[in-house]
Structure formats: C-alpha cells, structure tokens
Amino acid sequence: MMQEDILLEVKNLKTHFITSKGTAKAVDGLDFVLKKGETLGIVGESGCGKSITSLSILRLIPSPPGKIVDGQILLHGKDLVTMSDQEIRKIRGNQISMIFQEPMTSLNPVIPVGEQIAEALRLHQKLSRKQAWERAVEMIRLVGIPAPEKRAKQEPYQLSGGMRQRVMIAMALACTPEVLIADEPTTALDVTIQAQILELMKDLQRKIGMGIIFITHDLGVVAEMCDQVAVMYAGQIVEYQTTANLFKTPLHPYTQGLIGSLPKLYEDQEELQIIEGTVPSPYDYPTGCRFADRCPFVQDLCRNQQPEIIHIEDSQQVRCWKYTDQWQAELVKEEVVL
C-alpha cells in the first residue's frame, strides 16, 4: 500500500467511559486504514462501538465520562488525539465531516438550513456572507432538493425527513472534505430516498475523491457501497477484508452468523438463522474471546485467552483462534479424549 494513498490511519484506538458503575470499554483496540476514494464499512449490532469510533475520530466524545485512553488517529500522519481543541476545530467539518444518524437532533431547530450550511463555509473557507449563502444554495441543489432558494430559507421542522437528511449531507460536503463519516445516514428513510442518497454519496465521492467511513448494521447497504469492511463486536474489530471476500468467504463465526441471518432471495427458508445469546457488557468483558459464549465452534482455549488479529492473506484479517495451530491442537486433544 502506497503511503500517499492513506488518508486516515487508526492505531490501537481505545475509548473508555469512566462511570459510577465502573469503566465501559466502548472501543477497545481498533486498527484500520482509509485510502483516497475508498469506502470502508464498519458493521455490527447495536452497542458494539461503531458510533463511538466515529465520534472518537472527530474528538466529539463527551468528557467526562468518556476519554480516548490510548491509540492514534492519524490524518496525513498528524495525530488528531494530541491536537489542541483549536487545532481540531479547524479540521472538524473541513477536512473531516460527518453525517449524523438523526438530523432533527443535529440541526439547529430555529435557524434556516441554508444559514447553517453557510456558517460552516464562512468559518472554514473564509467566504463572505453573500458567497457562503450562494454556495449553500448550490449545495442544497446538488443534493437533489427542489426549489433550493426557497428551502434554504426554511427551518428544519418545515422539511420532510428525507430533505433534512439531504441537508445534513449538503452541510457535511459543503467544504469538500477529504474524509466523510456517515453514521447510519439512511436509517428511517424509505427505500427510494435511501437509494437516491447512496447514489448521491457515490457520485460525489467520484467527483472529489474523498474517503468514506460508512457505519451501518445493514449488510445490503454494505454490499452496495463499500470496498472494505470492518466487522465490530464488543468494542473490537473481529474481521477485516474486502466486501467481495466478506460475502463470499466470511471467516469469523460472528460474521458467518450475520450473513446467515439474511433472507436469501432464491432459496426457500422456513426460518432465518439466529445468533444465540447476547453481547457481553462493556463493563465486564470475558477473559477470552468476547464471542465465545455465542460461538458454535468454541473450545476451552477460546474462553481462557483473547485472540489477536490474524493475517490470513493481505486483504483478510480475523480475530479468531479457529485459524491458529493452537486451536487445531485443541481439536486433536479433544478427539483423543473421546
């Protein structure tokens, strides 16, 4: 991988929340890379740490109780973790932007949407009030909202859910960021609007070459949007490979369960596959593999020792004892006992 292709590199990121109940390890040792023009999908069920990862990158973790306790977030080699608040404000919304999950809580309810987009442009691009307004209207037109001059003067409550989400995208893209973080950007939108927004993001990515971190629990969207996929479980990445490989040969038992739970278009299925059990509490992770209690292949080794990420091939990484010599030795031992 050429170093100049790398936009963002996350190394051993740990974000913990210190509360009266104890320490919740929401993100616990994350490593991934985002290249120019690439879309990286981060998938996993609710509570696995996807959104906390995105907020950590933007340094938006509420402190207290949250804190980045370890790791690096490198943008062109510069560590965002060690930057001052003033330095990170220059990057946030400018070089790195984010589309938040719920536009109604992310937009100011009493300021016209065009003014909210223009404010970011005046702050980061140093445009005049008139130039910023014209650019804001242009962005509203670009995201496919009809009558943009009229809509720019309206407040969020006067727009539909789909329009508000498009305004969020317009705001995130106004300063042509190098990195766009999209946190469940199509949740609660109808399928037609969802398809249009995904197409719009791909089109804009082609035009300006930005890297996208796409956070979702929808594997259908992952197949449509992403080049690489990181599967998260209990604050860690358990599998990391290309989208094509992930759907063709999922390696981790958790990924296999996620894909197995999808309905198949050309197969008769009376029941969908389920993953038994629940995600462990971030306050009290087990000693060994965090998926051990739900895994159909579990051995004693899995319960006693936490697996490290194993590199199967260049584009295939998995956190699972099943792909090690130790696991094979455990199997042989068990067979001998039987």
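What follows is a chat between a biologist and a modeller about a predicted model.

Biologist: Let's start with H124. Why is H124 called buried?

Modeller: The cut-off for buried is under 20% relative accessible area. H124 comes out at 18%, so H124 counts as buried.

Biologist: Where does H124 sit, and what does H124 touch?

Modeller: H124 lies in helix α4, residues 113–125. Leaving aside residues up to four places away in sequence, H124 touches R89, K90, R92, G93, N94 and C175.

Biologist: What makes the pair of H124 and R92 a polar contact?

Modeller: A polar atom of the H124 side chain lies 3.0 Å from the backbone oxygen of R92. The limit for a polar contact is 3.5 Å, so that distance falls within it.

Biologist: On to the cysteines. How many disulfides does the structure hold?

Modeller: The structure holds 0 disulfides.

Biologist: How do you know that C226 is in no disulfide?

Modeller: The nearest cysteine sulfur belongs to C48 and is 14 Å away. A disulfide needs two sulfur atoms within 2.5 Å, so C226 is in no disulfide. C226 is also buried, because its relative accessible area is 7% and the cut-off is under 20%.

Biologist: And what about C320, buried or exposed, and which cysteine sulfur is nearest?

Modeller: C320 counts as buried, because its relative accessibility is 10% against a cut-off of under 20%. The nearest cysteine sulfur is that of C295, at 6.1 Å. With the limit at 2.5 Å, C320 is therefore in no disulfide either.

Biologist: Now the sheets. What makes β2 and β5 edge strands?

Modeller: β2 (22–35) and β5 (78–79) each pair on one side only. They belong to an open sheet of 4 strands, ordered β2-β1-β4-β5, with antiparallel pairing.

Biologist: Why do you say that β1 and β4 pair?

Modeller: Pairing takes at least two bridges, and 8 bridges join β1 (residues 6–19) to β4 (residues 66–75), so these antiparallel strands pair. As one example, F17 has G66 as its bridge partner in β4.

Biologist: Which helix packs on that sheet?

Modeller: Helix α1, residues 50–57, packs on the sheet and touches β1, β2 and β4. The direction of α1 makes about 70 degrees with that of β2.

Biologist: And the sheet of 8 strands: what is its order?

Modeller: The order is β6-β7-β8-β3-β9-β10-β12-β11, in an open sheet with mixed pairing. Its edge strands are β6 (96–99) and β11 (310–313), each pairing on one side only. From one strand to the next, the twist averages 20 degrees.

Biologist: How do you know that β9 and β10 pair?

Modeller: There are 6 bridges between β9 (residues 228–233) and β10 (residues 236–242), and at least two are needed, so the two antiparallel strands pair. In β10, Q236 is the bridge partner of Y233. Helix α11 (residues 253–260) packs on this sheet, touching β9 and β10, and its direction makes about 105 degrees with that of β9.

Biologist: Last one. Which residues have the most contacts inside the largest nonpolar core?

Modeller: I99, I117, L180, M201, F214 and V231, in a core of 59 residues. Helix α7, residues 161–173, gives the most to this core, with 7 residues.

Biologist: What does L180 touch?

Modeller: Not counting residues up to four places away in sequence, its contacts include I99, L173, M201, M210 and I213. Apart from that core lies another, of 32 residues, among them L8, L30, I57 and M98.

Note on methods. Residues are numbered from 1 along each chain as its sequence is written. This is a predicted model: local features need pLDDT of at least 70, side-chain atom pairs count only at pLDDT 80 or more; totals for chains, interfaces and linings use all residues. Side-chain values use heavy atoms; hydrogens and water are left out. A nonpolar core is a set of buried Ala, Val, Leu, Ile, Met, Phe, Trp, Tyr and Cys residues joined through side-chain atoms within 4.5 Å. Buried means under 20% relative accessible area, exposed over 50%, partly exposed in between (1.4 Å probe, protein chains only). Contact means heavy atoms within 4.5 Å. Axes are lines fitted to C-alpha atoms, for helices over the stretch in contact, and angles run from 0 to 180 degrees between N-to-C directions. A polar contact is a pair of N or O atoms within 3.5 Å; within protein, one must be able to donate a hydrogen and the other to accept it, and residues adjacent in sequence count only if both atoms are side-chain atoms.
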